Amino acid sequence: MNNLFRFRSFVKSPIFWFSQPIHKLIRNIGVSAHIDSGKTTFSERVLYYGGRIHEIHEVKGADSAGATMDFMELEKEKGITIQSAATHLQWKGYQVNLIDTPGHVDFTIEVERALRVLDGGVLLICGVAGVQPQTLTVHKQMSRYKVPRIIFINKLDRMGANPWSAITSIRKRLGLTVAAVQVPIGADQTFNGLIDLIKMKAYYFEGLKGEEVREAEVPERYMEQAKEKRQELIETLGSVDPEIEDLYLNEQPISEEQIKAAIRKNCQEHKFYPVFMGSAYKNKGVQLALDGVVDYLPAPEEKSNFGFQYSQDLKEEKKIEFKTDAKQPFVGYAFKLEENKFGQLTYVRVYQGKLKRGDYVYNMKTKKRVKVAKMAKMHANQMEEISEVEAGDIFAVFGVDCSSGDTLVYGDMSYQALCSSMFVPQPVMSLAIKPTKKEYSGRFQKALSKFQREDPTFNVDMDKESEEIIISGMGELHLQIYAERMRREFEIEVNLGQPTVNYRETITQRQQFDYLHKKQSGGAGQYAKVIGYVEPLQLEEGQFSNQFENRVIGTSIPNEYITAVEKGFYECVEKGPLTGYPVVNVRFALEGGETHVVDSSSNAFMLATKYAFAQAFKAARPEILEPIMAVEIMVPAASYQQAMVGIAKRRGSVTNTESRGDMFVLNADVPLSQMFGYATELRGFTSGQGEFSLEYRKHDPVPPNEVEMILSKFKGKKRGQ
């Protein structure tokens, strides 16, 4: 007999609700994926089925209203998510705090900071394209913060969709242990339901918006496939779970509860990830994925969160674990800022304790104490005022002066701790920018200041020689969006220069230095000698740093001059001698030197360091590094040759090719400097049917024939000043 469930309306069970601590009934999740995989469409259905909204609006929909989570006018116009947006809803007695994140690589910091504070995630995969470049990036980000996830293969209504190919690409390209917990009923345009492999029941999504979920028996024609895929699920689970393995090998029955418990345990231990399926746009499968969120993803207290506390006794920081306990001292992490007409809005994740309106918080970075006058839960750009939050909650607060990444503790300062930091990628592209009129300068500076506070990957510098203002970010679109926001939010027209690539300089071999700086011109002179070496600093791919080491034995150089040498070194690496771009991955070791009783000074040792570094750098086989992008290009099969030739012409290195139906997919590593203007070229030879995406991968040495061109541009720029 068929059962009908109406999932949009939900009445809490009083017994269930009060039988557990409140934080056990919280799920903090994010929805992440490659661009155009359907994240915002999925989030819109989650809000609708959770009763949070009463109408479904589409991204770039015909009604012009736009999806709830894409509330910026720019997002509605372009049909892409630019900023992460937070909301909350109820699902079967659980409070689900949801953050919808952008898919475009230019806005990767929005994904980074969302995943930093979330306990679980939903990773969307396109059922047609499978794993794509930004999927790899999101996977790395989830792994960096140890975020358990469920996987949702979307767009099964599309022509060419194949969930089993998508699962193969997940295993192959992401290296994850996964298995389907569902089988689709129908394919492409005939896709109309799902088979739950754990319950062995079929589900159909009926009603005007798929809100009525009908349970039925598994259709006979799908029974064999369902049994086969259920066997695969149990075998895959058994490979990571000894209890399931024992039951399977001994041919004992495995209950629904045992399978669910094994999935939950191994998902949270990052050993296994369940794969759900559906089509968000066609209103199919989202409710079952929400069931997976509450069944398999952790509550706040089930995920370990660590920070640091300063020990007065040991005079050092010690690692601590925050307790999801309202009785403990309050600790919150400010992970996102927004400026609006009411002032600064700060998004905070509570890791420990509780906070009430009217309490004071202490900013561990600014050392300032401030009163919390207004607290709110966010629903996209709408606020709902609240009076209290507890460990596990995500909320927003007004009037707290802080930056993204600051730790807030209870205002009496009796308990001081720091949350672990967030990874911030380095900008890869720069543009010169200036307002078209002088009277804009005040608003222009205000806009730059606001955007820097909001976005750690948006940098502003002044070129000391040309006096141009240079903005840097994660890509051309990233910077163009900020220019457009200046026009809309601050009524400022700006001119943008040509995009420039953010090169880096480094060395490839160790080089000794022994430099004496001696100058006498009447009165006190300058005397400083530094001895040591520079050498390459070995770091992980894509990581940049520099390191100063004090290897001085004895008192040949007093401590105050060693400090001056260190300062001089770090000033040197800000602007490299070859191109003016920063020097990276260099270790500067100071081993000794000489001083003069009268003529030595901190200034003399700083100058000696700079001259010594310049000499050693040139002798250490320096090279210029350029950003390399992982590019994925999808073109009609008939255009594959032009795509291959175009990438070869741009110094690209092909890493993979494959056919997806009547489309040809090419993956390659290409220098960013060679990708300018590619969109126009691609549109031309594919008659508008081609598309491409790119993400930062690493910095690699520039080929010798290109080095001279870069150096000549730098020299020409200096001559033109």
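Reader: Before anything else, what does buried mean here, and how much of the chain counts as buried?
Author: Buried means under 20% relative accessible area. In this predicted model, 55% of the 721 residues of the chain count as buried.

Reader: What radius of gyration does the chain have, and what would a compact globule have?
Author: The chain has 29 Å, and a compact globule of 721 residues would have a radius of gyration near 27 Å, which agrees. Along its principal axes, the C-alpha trace spans about 105 × 65 × 65 Å.

Reader: How many helices and strands are there?
Author: The chain contains 17 helices and 39 strands. As for contacts between residues at least 6 apart in sequence, 72% join residues at least 24 apart.

Reader: Turning to the interior, which residues touch the most other members of the largest nonpolar core?
Author: They are F42, I151 and I195, in a core of 109 residues. Helix α10, residues 286-296, gives the most to this core, with seven residues.

Reader: What is I195 in contact with, leaving aside its neighbours within four places in sequence?
Author: Its partners include V181, V183, I185, V218, P219 and Y222. Q182 and K201 are also among the contacts of I195.

Reader: Which residues does the second core include?
Author: That separate core has 29 residues, among them V530, V534, A564 and V573.

Reader: Now the surface: what area is exposed, and how many charged side chains are there?
Author: The chain exposes about 32,300 Å², of which carbon and sulfur atoms supply 48%. There are 91 positive and 93 negative side chains, and the centres of the two sets lie 3 Å apart.

How values were computed:
Residues are numbered from 1 along each chain as its sequence is written. This is a predicted model: local features need pLDDT of at least 70, side-chain atom pairs count only at pLDDT 80 or more; totals for chains, interfaces and linings use all residues. Side-chain values use heavy atoms; hydrogens and water are left out. Helices (H or I, at least four residues) and strands (E, at least two) are DSSP runs, numbered from the N terminus. The radius of gyration is taken over C-alpha atoms; the globule rule is 2.2 Å times the number of residues to the power 0.38. Buried means under 20% relative accessible area, exposed over 50%, partly exposed in between (1.4 Å probe, protein chains only). Contact means heavy atoms within 4.5 Å. Accessible areas come from the Shrake-Rupley method with a 1.4 Å probe; for residues, only the protein chains shown count as cover. Lys and Arg count as positive and Asp and Glu as negative; His and the chain ends are not counted. The place of a charge is taken as NZ of Lys, CZ of Arg, CG of Asp or CD of Glu. A nonpolar core is a set of buried Ala, Val, Leu, Ile, Met, Phe, Trp, Tyr and Cys residues joined through side-chain atoms within 4.5 Å.
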